[in-house]
Amino acid sequence: VPGAEALVVRVVSSVDKKLEVKPRFLEIFQEENYPPEFPYKSKVVLLFQKIEGVEVCLFGMYVQEFGSECAFPNQRRVYLSYLDSVKYFRPEVKAVTGEALRTFVYHEILIGYLEYCKKRGFTSCYIWACPPLKGEDYILYCHPEIQKTPKSDKLREWYLSMLRKAAQEKIVVDLTNLYDHFFVYAGECKAKVTAARLPYFDGDYWPGAAEDLINQLRQEEDGRKLNRKGTTKKTITKRALKASGQSDLSANASKDLLLMHKLGETISPMKEDFIMVHLQYCCSHCCILMVSGTRWVCNQCKNFQICDKCYEVEQKREERERHPINQREKHVFYPVEITDVPTDTKDKDEILESEFFDTRQAFLSLCQGNHYQYDTLRRAKHSSMMVLYHLHNPTAPAFVTTCNVCHLDIETGQGWRCEVCPDFDVCNACFQRDGGIDHPHKLTNHPSMAERDAQNKEARQLRVLQLRKMLDLLVHASQCRSAHCQYPNCRKVKGLFRHGIQCKTRASGGCVLCKKMWYLLQLHARACKESECHVPRCRDLKDHLKRLQQQSDSRRRAAVMEMMRQRAAEVAGSSG
């Protein structure tokens, strides 16, 4: 970028995950073989700039990539989950285009990422243009006071201006929104209006809203059953089902249509915020994004093309039903071979695991717990350096140690630790004052930063390898039923399991063995992809992490609804 120096874009996390479909939603589509889970790759991309000799993290984004191996409706789709930045980009000048240079750079990162996705064979990208709630942060903790949080219309325009540039560069084929593409019939679209077609993403607005609506509809139905005796009136008539293109007239089809109606009512006022980006061409009849075969393009209409399957059907139709419908003169289609879309979206990059970047919440917790703030440039420099330290030293302690006597934070290498008691640390000042006489056990000096750095790369890799072996052993021991197992240390881990059941002190009471076990179980649960895992407490820990995410998503949805109510009230007030 001319004028901007020392910019580094870095992928800091790239891990395989599984998204479980919420139970109430899955219940409606159980007869249609709707997938119970979707595998995806979660990635974190950061931008650093060297300012006054120090690397400063200025921009970050979390993305979800659902590849060609994933089932419909998520196959070959990308979701831009979270995006955040802090206003320290240098120089603070405008680009030739008239926008701020930092905006130009952030747009280029996103356009580059979209191009990379298109080349790998992804068909579409979804963006929910939702600004953070007041007092909340998405990725980087504590923004500078001078930086304003954009309103939803400003944020939406920021994304759209980036997508218009991508369209000029022939990366983006078409722009629409979730509501117009899935909830309404447009032109000659013949696709069925059903929630089973909606792409299902982790942390997105509609899956959570759908679950709330299904629960609400169920409560209303139960209420009607209590109020009336005998049969209850069906919520949706068979005529309405047929009119919406539904051939299935079952109770679940009725629930599906009612859910789409309610969801449509909720999404419609803010439909422009749910941006849908087509990276490949969409069939104007069945709305499938085409990745192979031939696309048949109309020689007169702009942006009208159909897939091989729909072209065959079109040729068998009567003359008056052919494209364009209700016009005497019929248009001709010419074929275009689809040759530039790879059959497989497989990522050539290696798996990059990072406990701190595993989820947006995990990184925020690390920053909040250690006061890694970005509200001033000085703090942003320190926070970025510490983030890089944790990236390069994944086994280093995540949180600052606190003195048990004066309760102040202990700097690295400036304290003493008990060899017997868990979490007993004393700073140098308190140790020199009374020599640790009040403590019954021996205290040893903390290793200094220099001593820690002396542990070379090989030693760090060895620790990571040992940790992975320990996690493999954990899985083995939880399934092993042999009393004389030859697997190294299997009996030790089984002993830890037995200790966990019998121990009365527990980890909360300070039991060292329980703490060690709990740490390993948490590490395992974060990385585990098995739905029926035998490792103790794995399911509970996964559910706990899921609940934290759901609470955050619920707050976000509630804030959006409140914002929409306020906007509606303002419009009503101004028109009155």
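Two strands count as paired here if DSSP finds at least two bridges between them. Keep that in mind for the exercises below, and remember that this is a predicted model.

**Exercise 1. Place strand E5 among its neighbours.**
Work out which strands pair with E5, and in which sense.

*Solution.*
- Start with E4 (residues 77–85): E4 and E5 pair in the parallel sense, over four bridges. One spot to look at is Leu 80, which stands opposite Ile 127 in E5.
- Now turn to E7 (residues 274–278), which runs antiparallel to E5 and is joined to E5 by five bridges. Ile 127 turns up here too, with Ile 275 as its bridge partner in E7.
- Finally, trace the connection from E4 to E5: with helix H2 (residues 101–120), the two strands make a right-handed β-α-β unit.

**Exercise 2. Is E5 enclosed or open to solvent?**
Take the residues of E5 (residues 124–128) and find how many of them are buried.

*Solution.*
- The cut-off you need is under 20% relative accessible area for a buried residue.
- Sort the side chains by direction: Ser 124, Tyr 126 and Trp 128 point one way, while Cys 125 and Ile 127 point the other way.
- Both sets are buried.
- That makes five of the five residues, so E5 is largely enclosed by the rest of the structure.
- For context, 45% of the 576 residues of the chain count as buried.

**Exercise 3. Lay out the sheet around E11.**
Find the strand order of the open sheet that holds E11, and say which strands sit at its edges.

*Solution.*
- The order is E12-E11-E13, three strands with antiparallel pairing.
- E12 (425–427) and E13 (443–445) are the edge strands, as each pairs on one side only.
- From one strand to the next, the twist averages 30 degrees.
- Check the E11 (residues 415–418) pairings: three bridges to E13, and three to E12.
- Trp 416 is a handy marker: Val 426 is its bridge partner in E12, and Asn 445 stands opposite it in E13. Cys 418, for its part, stands opposite Leu 443 in E13.

**Exercise 4. Check the span of helix H10.**
Compare the span of H10 (residues 377–392) with the one expected at 1.5 Å a residue.

*Solution.*
- H10 has 16 residues and reaches 22 Å from its first C-alpha to its last.
- The expected value is 22 Å, and the helix comes close to it.
- While you're there, look at the burial: the buried residues of H10 include Leu 377, Ala 380, Ser 384, Val 387 and Leu 391.
- Residues three or four places apart in an α-helix point the same way, because there are 3.6 residues a turn.

Definitions and conventions: Residues are numbered from 1 along each chain as its sequence is written. This is a predicted model: local features need pLDDT of at least 70, side-chain atom pairs count only at pLDDT 80 or more; totals for chains, interfaces and linings use all residues. Side-chain values use heavy atoms; hydrogens and water are left out. Buried means under 20% relative accessible area, exposed over 50%, partly exposed in between (1.4 Å probe, protein chains only). Axes are lines fitted to C-alpha atoms, for helices over the stretch in contact, and angles run from 0 to 180 degrees between N-to-C directions. The expected span of a helix is 1.5 Å times one less than its number of residues. A crossover is right-handed if, with the strands pointing away from the viewer, the path from the first strand over the helix to the second runs clockwise.
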